[in-house]
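I opened my notebook to walk through this model from the inside out. Here is what I looked up, entry by entry.

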Amino acid sequence: MLQPIVRMKPDTLNQENLRFEQAPLRQGVFLNSVPKSGSHLLRNIMRMFVPVEQQYHAQFIQWAILGQHLAAFDRNKPQLSWGHLFFADDSAMELARTRKILLVRDPYSWVLARARFFLSEEFRGNIDRLKQGELTVNELLNLMIFGIYQKAPPMVDVFTHNAVAWLGTGAYLVRYEDLVAQLKNLESREAEFFFANLLDACGIEMPGDWRERVRTGSDRKQSGTARENLTAGVEIEFPDELPEMQKRLVDFAVPGVREILGYR
C-alpha cells in the first residue's frame with residue numbers, strides 16, 4: 001500500500017506563536033489521531049502553547065516511517081510531535097516516556113470526512129480514479145467503510161489500531177466533536193475546564209491568555225485540510241449526515257466502536 005501525498009499550503013502559526021510567552025516542555029507530547037479526525041486543528045491549537053524550537057515539524061509521523069523519526073521522542077529533548085500511529089510493540093515502546101493525546105471522531109461523520117478528502121485535489125495517491133466522477137455518493141461511502149483492496153484500509157483496521165487499541169494505556173482521549181463544541185463556546189466555564197484538562201494531560205500549565213492562543217491556533221484559514229479549504233477534485237454533493245443505510249453498515253463493519261469511544 002503506497003504512502004499517499006497530501007498537498008497543503010504553509011501556515012503562519014510559527015510566527016503567531018512568537019506573540020505569546022512560552023514555557024518549555026518538561027516532557028515530550030505526541031498528538032496521536034485517527035486520520036481525518038481534526039488532526040490539524042488539534043495540532044495547530046497546541047502549537048500555540050509550546051516554543052517553536054520544541055515542535056517537531058520534520059514529519060507527520062506514521063508507522064511506516066516511525067524508525068526515521070525517533071528523535072521526536074528523545075526523552076532528553078522534550079518535543080511536541082504529531083501523527084497517526086497505530087498501537088503496536090514498537091510504537092508503544094518508543095512512546096513509553098511520552099505523554100499521549102488520542103484524538104478520535106464519530107465514525108459516522110468520519111466516513112464523510114474521509115470521502116471528501118480522498119476526492120480533493122489536496123490528496124494524491126493510488127485511488128485517484130475515484131475522482132473521475134463515475135461512482136454515486138453511496139458507492140463512495142461504502143468504499144470508505146469497507147476499504148479499497150490493496151489501496152486504502154477498511155475503517156475497522158483504522159479505528160481498531162489507531163484508536164481502540166490505545167485505550168487503557170494512559171493516552172488521554174479527546175473527541176473531535178467535544179473540541180469543536182468548546183471552540184464555539186470559548187468564553188464558557190465548560191470550555192475552560194475542557195482546555196485545562198487537555199493542557200494538564202500535556203503537562204502544560206494553563207496560561208492566562210489561553211483563549212487567545214486557542215483562537216489563533218483554531219483559525220480555519222490556517223488549516224489546509226479544513227473542509228472549506230479543500231479543492232474539489234470532482235463535483236459531487238455529499239450529505240451533511242451519513243445516510244441511514246451507511247450508518248447501519250458502519251455498525252456492521254465496526255460493531256461497538258462508537259460506544260467504546262463514548263458516542264451514543
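Before anything else, a working term: I call two residues in contact when heavy atoms of theirs lie within 4.5 Å. I also note that this is a predicted model.

**Entry 1: Ala-23.** I began in the loop between helix 1 and strand 2, where Ala-23 sits. Setting aside residues up to four places away in sequence, I found that Ala-23 touches Phe-49 and Pro-51. I then checked the backbone: the C-alpha atoms of Ala-23 and Pro-51 are separated by 7.0 Å, although the two residues are 28 apart along the chain. Is Ala-23 buried or exposed? Its relative accessibility is 53%, and the cut-off for exposed is over 50%, so Ala-23 counts as exposed.

**Entry 2: Asn-17.** Next I went to helix 1, residues 13–17, which holds Asn-17. This residue is buried, with a relative accessible area of 2%. Leaving out neighbours within four places in sequence, I listed its contacts as Gln-22, Arg-47, Met-48, Val-50, Pro-51, Val-52 and Gln-55. Pro-51 thus turns up for Asn-17 and for Ala-23.

**Entry 3: Thr-98.** I looked at the loop between helix 3 (89–94) and strand 5, where Thr-98 lies. With 6% relative accessibility, Thr-98 counts as buried, because the cut-off is under 20%. Beyond four places in sequence, Thr-98 is in contact with Gln-27, Gly-28, Val-29, Phe-30 and Phe-73.

**Entry 4: the largest nonpolar core.** Phe-73 led me here, as it is among the residues with the most contacts inside the largest nonpolar core; the others are Ile-61, Val-111, Leu-141, Met-155, Phe-159 and Phe-238. This core has 41 residues. Strand 5 (99–104), helix 4 (107–118), helix 5 (137–146), helix 6 (155–162) and helix 10 (244–253) each supply at least two of them. Which helix gives the most? It is helix 4, with seven residues.

I then followed up Phe-159. Not counting neighbours within four places in sequence, Phe-159 is in contact with Val-34, Arg-105, Pro-107, Trp-110, Val-164, Val-257 and Leu-261. Apart from this core lies another, of 31 residues, including Phe-20, Leu-42, Ala-191 and Leu-198.

**Entry 5: helix 4.** I counted 12 residues in helix 4, reaching 16 Å from the first C-alpha to the last, close to the 16 Å expected at 1.5 Å a residue. Of those 12 residues, 11 are buried, so helix 4 is largely enclosed by the rest of the structure. The buried ones include Pro-107 and Trp-110, both of which are contacts of Phe-159. Arg-114 and Arg-116 are buried in helix 4 too.

**Entry 6: helix 2.** Here eight of the eight residues are buried, so helix 2 is likewise largely enclosed by the rest of the structure. Among them are His-40, Arg-43 and Asn-44, as well as Leu-42, which I had already noted in the 31-residue core.

**Entry 7: the cavity.** How many cavities of 30 Å³ or more does the structure hold? I found one, and the volume of the largest cavity is about 30 Å³. Its lining is made up of Leu-31, Asn-32, Ser-33, Ser-39, Leu-42, Arg-43, Phe-60, Trp-82, Gly-83 and Leu-103. Strand 2 (29–33), helix 2 (39–46) and strand 4 (80–84) each supply at least two of these residues. By character, I sorted the lining into five nonpolar, four polar and one charged.

How values were computed
Residues numbered from 1 in each chain as written. Predicted model: local features only at pLDDT ≥ 70, side-chain atom pairs only at ≥ 80, totals over all residues. Heavy atoms only, no water. Core = buried A, V, L, I, M, F, W, Y, C linked by side-chain atoms within 4.5 Å. Buried < 20%, exposed > 50% of the residue type's maximum accessible area, 1.4 Å probe, protein only. Helix = DSSP H or I, 4+ residues; strand = E, 2+ residues; numbered from the N terminus. 1 Å grid on protein atoms, 1.4 Å probe; cavity = no way out; pocket = protein on both sides within 12 Å on 5 of 7 lines; lining within 4 Å. Points joined across faces, edges and corners; volume = space filled by probe spheres on them. Nonpolar A, V, L, I, M, F, W, Y, C, P; charged D, E, K, R; others polar. Expected span 1.5 Å × (residues − 1).
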